[in-house]
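Dear colleague,

I am handing over the structure below, which is a predicted model. Please look through it first; my notes on what was found follow after it.

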Amino acid sequence: MKAPPSLPLLSANKVDAGYGHVRVLEKVSIDVRQGRIVVLVGRNGAGKSTLLRALSGLNRPTSGTITFDRRDITGARPNAIVGAGLLHVAEGRRLFRRQSVTDNIELGRYGLRLTEQEHDRRVNRIHELFPILQEKRDLPAGSLSGGQQQMLAIAQAMMREPKLLMLDEPSLGLAPVLVDQVLAAILSLRAQGVAILLVEQMVERALEIADDAYVMQNGRVIAGGLAADIAAGDALQAAFMGEHGTPDHSGPRWSVS
Ligand SMILES: Nc1ncnc2c1ncn2[C@@H]1O[C@H](COP(=O)(O)OP(=O)(O)OP(=O)(O)O)[C@@H](O)[C@H]1O
């Protein structure tokens, strides 16, 4: 059964998490509602990837709770979380470069038992979303452009029909025209009813396509709300200033033009 619209699909409530004895996240709370694009922004090291890892079960929270689709998934194993419909496309495109585009997509359904009809329906949906992957289906994944490889990584996750897809820096290392393609693909996913939690250094571009946004700084959420309000507010500027009020030049790229 689907969560009613009033309940968030994903809710992290005062989550602490880190690596060994190092605490990175401090009382992080975020909500992702059904069919929304939510972007997490913050400078390098703010804890964005660690939050995605905690939500996908790769880093066990030391306190706090996470609910997804009305189930408590706090401390659940990654495969149980994937099974519940929460998928994580990690930073960097983890593809089998020598295998074909089709083989890489098929790897996405590993462990799933699908009827032939259901399998074909999912593949068709992916090809509708990314026609280029159908065109290049027999080519090795390594021969695709960076943007196409990112689409392939998303396509792999789509084989499991996620309710929520978490994307960690999908524009990383891409030329501006490819960034446009990836952002357009994210909008198409939302149109198909998939909720998206996006970590992105292309802050301005990400805020343009997002519905909601959270700003992270030093492992905490310092602001959250509608993306348009966050884009216009002060928290964003504060998060990207250096410790002593100087701009952090390793921070976001405000524009791709
Ligand atoms: N495997 C790890 N072991 C120990 N500390 C880690 C590990 N991965 C990340 N950290 C630390 O956790 C903190 C948050 O890192 P995280 O990667 O979550 O930040 P981020 O906001 O995603 O930044 P970036 O944009 O650079 O990926 C950093 O101080 C980082 O050094």
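Around the ligand lie Tyr19, Val22, Val24, Gly42, Asn44, Gly45, Ala46, Gly47, Lys48, Ser49 and Thr50. Two elements, strand 2 (22-32) and helix 1 (48-55), each give two or more residues to this shell, and the largest share, 3 residues, comes from helix 1. Sorted by class, the shell holds 4 nonpolar, 6 polar and 1 charged residues.

The next point concerns helix 4. Its 14 residues (residues 116-129) should span 20 Å at 1.5 Å a residue, and because the end C-alpha atoms are 20 Å apart, the expected and actual spans agree. The buried residues of helix 4 are Arg122, Val123 and Ile126; they cover an arc of only 95° around the axis, and therefore sit on the same side of helix 4. These buried residues pack against helix 3 (101-107), helix 5 (131-135) and helix 6 (146-158), whereas the face of helix 4 turned away from the buried side carries the exposed residues Gln117, Asp120, Asn124 and Glu128.

Helix 6 deserves a look as well. For its 13 residues, 1.5 Å a residue gives an expected span of 18 Å, which agrees with the 18 Å between its end C-alpha atoms. Helix 6 is mostly covered, with 12 of its 13 residues buried, among them Gly147, Met151, Leu152, Ile154 and Met158. What covers the buried residues of helix 6 includes strand 6 (86-89), helix 3, helix 4, helix 5, strand 7 (164-168) and helix 7 (176-191).

With best regards

Definitions and conventions:
Residues are numbered from 1 along each chain as its sequence is written. This is a predicted model: local features need pLDDT of at least 70, side-chain atom pairs count only at pLDDT 80 or more; totals for chains, interfaces and linings use all residues. A residue is near a molecule or strand if its C-beta atom, placed from the backbone, lies within 6 Å of it. Helices (H or I, at least four residues) and strands (E, at least two) are DSSP runs, numbered from the N terminus. Ala, Val, Leu, Ile, Met, Phe, Trp, Tyr, Cys and Pro count as nonpolar, Asp, Glu, Lys and Arg as charged, and the others, Gly among them, as polar. The expected span of a helix is 1.5 Å times one less than its number of residues. A residue is buried if 20 or more other C-beta atoms lie within 10 Å of its own, exposed if 12 or fewer, and partly exposed in between; C-beta atoms are placed from the backbone. The arc is that of the directions from the helix axis to the C-beta atoms. Two residues are in contact if their C-beta atoms, placed from the backbone, lie within 7 Å.
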